[in-house]
Amino acid sequence: MTNETDVGRLQLVWPDAEGLSYQDPEGVWSRLQFASPELVSIAGIDQTQINGAAVPCLVLPGQRLTCLSALKNLMRGRVKLAYFDLPRLEIDDASAAFRTTGRRYPSWLGVVNDHLKATLPLLRDDGVVALMAGDREEPFARILLHQLFGPDNYIGTIVWQRHYSARQVPNSREIAATHEFILLAAKNRASLPPVAVK
């Protein structure tokens, strides 16, 4: 039997999808099964001011998922834009690529899914999520957005040209990517004003 709220949604299933992502000090991502995030106190943050003016943005150091969890009660329904520069699965500099202790694609899906799920309660009704993704990550990121926000809340994709010509590596068996993608989804697209890209 299908829940009425699930009609029109896609679901992507992968191994260890129900775990929780965490990143060690060396930057390697892993998955824990049935773990709960560490709670962090940010009491009084709403009154943060500099020279009597409210601070328009907030930087929290530490584990991203822990910080998002800490913001859940204070910032619920107040975030207009959440931007994620997604980790790249494969790039020229292997030390900067997504690193994991397990299978790369399931771990990457888990990490991105955890961050999106933690961000969803923070968004205003007219809030938007923007995901910057590479060529390899774009199709998976799009499915995750459809799964969590619903296909009807997908706004579109902006193609960003990062190179004017392909940097082909000798003896390569693939075409070098010259573009990256910014995928946009709304919490409730009907609440957005008309949009245009100029």
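**Exercise 1. Which residues does Trp-108 touch, not counting residues up to four places away in sequence?**

Solution. Before the contacts are listed, the conventions should be fixed. The structure is a predicted model, in which local features need pLDDT of at least 70 and side-chain atom pairs count only at pLDDT 80 or more, while totals for chains, interfaces and linings use all residues. Residues are numbered from 1 along each chain as its sequence is written, and side-chain values use heavy atoms, with hydrogens and water left out.

Step 1. Contact means heavy atoms within 4.5 Å, and with residues up to four places away in sequence not counted, Trp-108 touches Leu-86, Pro-87, Leu-89, Phe-98, Glu-137, Phe-140 and Ala-141.

Step 2. The largest nonpolar core (a set of buried Ala, Val, Leu, Ile, Met, Phe, Trp, Tyr and Cys residues joined through side-chain atoms within 4.5 Å) has 31 residues, and Trp-108 is listed with Leu-86, Leu-116, Val-129, Leu-131 and Leu-145 as touching the most other members. At least two residues of this core are supplied by each of helix 1 (64–74), strand 5 (79–85), helix 2 (104–119), strand 6 (123–133), helix 3 (138–149) and strand 8 (179–186), and the largest share, 6 residues, comes from helix 2. A second, separate core has 7 residues, among them Met-132, Ile-182, Leu-184 and Ala-186. In soluble globular proteins, nonpolar side chains tend to be buried together.

**Exercise 2. Describe the overall composition of the protein chain.**

Solution. Step 1. Helices (H or I, at least four residues) and strands (E, at least two) are DSSP runs, numbered from the N terminus; the protein chain has 3 helices and 8 strands, which follow one another from the N terminus on as β-β-β-β-α-β-α-β-α-β-β.

Step 2. With buried meaning under 20% relative accessible area, exposed over 50% and partly exposed in between (1.4 Å probe, protein chains only), buried residues make up 38% of the 198 residues.

Step 3. Among contacts between residues at least 6 apart in sequence, 70% join residues at least 24 apart.

**Exercise 3. Classify the packing of helix 2 against helix 1 and against helix 3.**

Solution. Step 1. Axes are lines fitted to C-alpha atoms, for helices over the stretch in contact, and angles run from 0 to 180 degrees between N-to-C directions. Angles under 35 degrees count as roughly parallel, over 145 as roughly antiparallel, 65 to 115 as roughly perpendicular and the rest as oblique.

Step 2. The axes of helix 1 and helix 2 come within 9 Å and cross at roughly 15°, so the two helices are roughly parallel to each other. Their crossing is left-handed, a label given if the near helix is turned anticlockwise from the far one by less than a right angle, with right-handed used if clockwise. Arg-64, Leu-65 and Leu-68 of helix 1 meet Asp-114, His-115, Ala-118 and Thr-119 of helix 2. These residues divide into 3 nonpolar, 2 polar and 2 charged, where Ala, Val, Leu, Ile, Met, Phe, Trp, Tyr, Cys and Pro count as nonpolar, Asp, Glu, Lys and Arg as charged, and the others, Gly among them, as polar.

Step 3. Helix 2 and helix 3 pack at an angle of about 40°, with their axes 11 Å apart, and are therefore oblique to each other; the crossing is right-handed. Residues of this contact include Trp-108, Val-112 and Leu-116 of helix 2 and Phe-140, Ala-141 and Leu-145 of helix 3, and the contact as a whole divides into 10 nonpolar, 2 polar and 1 charged.

**Exercise 4. Is Leu-131 buried or exposed, and what does Leu-131 touch?**

Solution. Step 1. Leu-131 is placed in strand 6, and at 0% relative accessibility Leu-131 counts as buried.

Step 2. Not counting residues up to four places away in sequence, Leu-131 touches Phe-84, Leu-86, Leu-116, Ala-141, Leu-145, Phe-181, Ile-182 and Leu-183. Leu-131 and Phe-84, 47 residues apart in sequence, lie 4.9 Å apart in space, C-alpha to C-alpha.

Step 3. Phe-84 is also touched by Thr-119, along with Leu-68 and Ala-82; Thr-119 lies in helix 2 and is buried, with a relative accessible area of 3%.

**Exercise 5. Assign Pro-25 and Gly-102 to their loops and accessibility classes.**

Solution. Step 1. Pro-25 sits in the loop between strand 1 (19–23) and strand 2 (29–33) and, at 80% relative accessibility, counts as exposed.

Step 2. Gly-102 lies in the loop between strand 5 and helix 2 and, at 45% relative accessibility, counts as partly exposed. The C-alpha atoms of Gly-102 and Val-28 are separated by 9.8 Å, although these residues are 74 residues apart along the chain.
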